[in-house]
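Welcome, and please have your viewer ready. We will go from stop to stop, with something to select at each one.

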Amino acid sequence: MSKNIEYWYFKNYLTKNDIIKLNKFIELNYDKKEPRELTAKNVIKTSEVVQIEYHKIKDKLNLLMQEVYSVGLRQFGYNLTPINDRDYLHLNIYSSKKQSKYESHFDFSDSDMFDVKLTCLINISTKKYEGGKFEYLSTRWREIKELEKPGNVIMFKSHLHHRVTPVTSGERRTLTHFMIGPRFI
């Protein structure tokens, strides 16, 4: 396992046209709203979240998923369970109308069998926004500026504390995939 790398990114992975099509497809075909119990306990999260099963958007994201899993193995050294057609991806919508944010938390699993090892975020924003900065805690809060641009993708170690600052204008949209693997020992 690499101890030096905290996150990885892909620049300009999706085009503006890809982003528009992906948003429209998810809005018309999502499966359900994310249950509140999936939000980290005692943490304020004011974004709206819908879930869509991977098989529905596999044709649009399959190559990206192959690449992120390859990076998970080769750069992070994690043993990951391949994405399943029934796995959910989460569309997070952060609106300035609600000053949407997600306070400091880390991504985890309650399972005795697996852990969330990496989190993959894809910026699929269609409107300009201000605020909504993605930050993680290292020795201090650090912003991952690469996520600000629509079409960019980041992946990071899920156990890192991270947050999204309030969106002050516009709307920020990210598509999230939690990459799992056998429990850490």
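**Stop 1: a linked trio of charges**

Start by selecting R173 and E27: their side chains form a salt bridge, with the closest N and O atoms 2.9 Å apart. R173 sits in strand 12 (residues 167–182) and E27 in helix 1 (residues 16–29), so this pair ties together parts that are 146 residues apart in sequence. A salt bridge here is a side-chain nitrogen of Lys or Arg within 4 Å of a carboxyl oxygen of Asp or Glu. Helices (H or I, at least four residues) and strands (E, at least two) are DSSP runs, numbered from the N terminus.

Before you move on, note that this is a predicted model, in which local features need pLDDT of at least 70 and side-chain atom pairs count only at pLDDT 80 or more, while totals for chains, interfaces and linings use all residues. Residues are numbered from 1 along each chain as its sequence is written, and side-chain values use heavy atoms, with hydrogens and water left out.

Keep R173 selected and add E171. These two also form a salt bridge, and here the closest N and O atoms are 2.8 Å apart. With E27 included, E27, E171 and R173 are linked in a network of salt bridges.

Which members of this trio are buried, and which is partly exposed? R173 is buried, at a relative accessible area of 8%, and E171 is buried too, at 15%. E27 is partly exposed, with a relative accessible area of 42%. For these words, buried means under 20% relative accessible area, exposed over 50%, and partly exposed in between (1.4 Å probe, protein chains only).

**Stop 2: a second salt bridge**

Now select D85 and K58. Their side chains meet in a salt bridge of 3.0 Å, N to O. D85 lies in the loop between helix 2 (54–74) and strand 4 (88–95) and K58 in helix 2, so the pair ties together parts 27 residues apart in sequence. D85 counts as partly exposed, at 32% relative accessibility, and K58 is partly exposed with a relative accessible area of 32%. A search of the whole structure finds 12 salt bridges.

**Stop 3: a buried tyrosine**

Next, select Y94, which is found in strand 4. Y94 is buried, with a relative accessible area of 3%. Show its surroundings: leaving out residues up to four places away in sequence, Y94 touches S47, S100, K101, Y102, V164, V167, G170, E171, R172 and T174. Contact means heavy atoms within 4.5 Å. You will recognise E171 in that list from the trio at the opening stop. Draw a distance to V167 as well: Y94 and V167 are 73 residues apart in sequence, yet 6.5 Å apart in space, C-alpha to C-alpha.

**Stop 4: three loops**

Select N12, in the loop between strand 1 (7–10) and helix 1. What is phi here? Phi of N12 is near 55 degrees, a positive value in a residue other than glycine. N12 counts as partly exposed, at 40% relative accessibility.

Then go to Q99, in the loop between strand 4 and strand 5 (102–105). Q99 has a positive phi of about 50 degrees although it is not a glycine. Q99 is partly exposed, with a relative accessible area of 37%.

For the last loop, pick N42, between strand 2 (32–33) and strand 3 (48–53). Is N42 buried or exposed? N42 is exposed, with a relative accessible area of 84%. Add E103 to the selection: N42 and E103 are 61 residues apart in sequence and 9.5 Å apart in space, C-alpha to C-alpha.

**Stop 5: zoom out**

Finally, show the whole chain and colour by secondary structure. There are 2 helices and 12 strands, and from the N terminus on the elements run β-α-β-β-α-β-β-β-β-β-β-β-β-β. The radius of gyration is 15 Å, close to the 16 Å that the globule rule gives for 185 residues, so the chain is as compact as a globular protein of that length. That radius is taken over C-alpha atoms, and the rule is 2.2 Å times the number of residues to the power 0.38.

The C-alpha atoms fill a box of roughly 45 × 40 × 30 Å, taken along the principal axes. Of the 185 residues, 45% count as buried. Among contacts between residues at least 6 apart in sequence, 83% join residues at least 24 apart.
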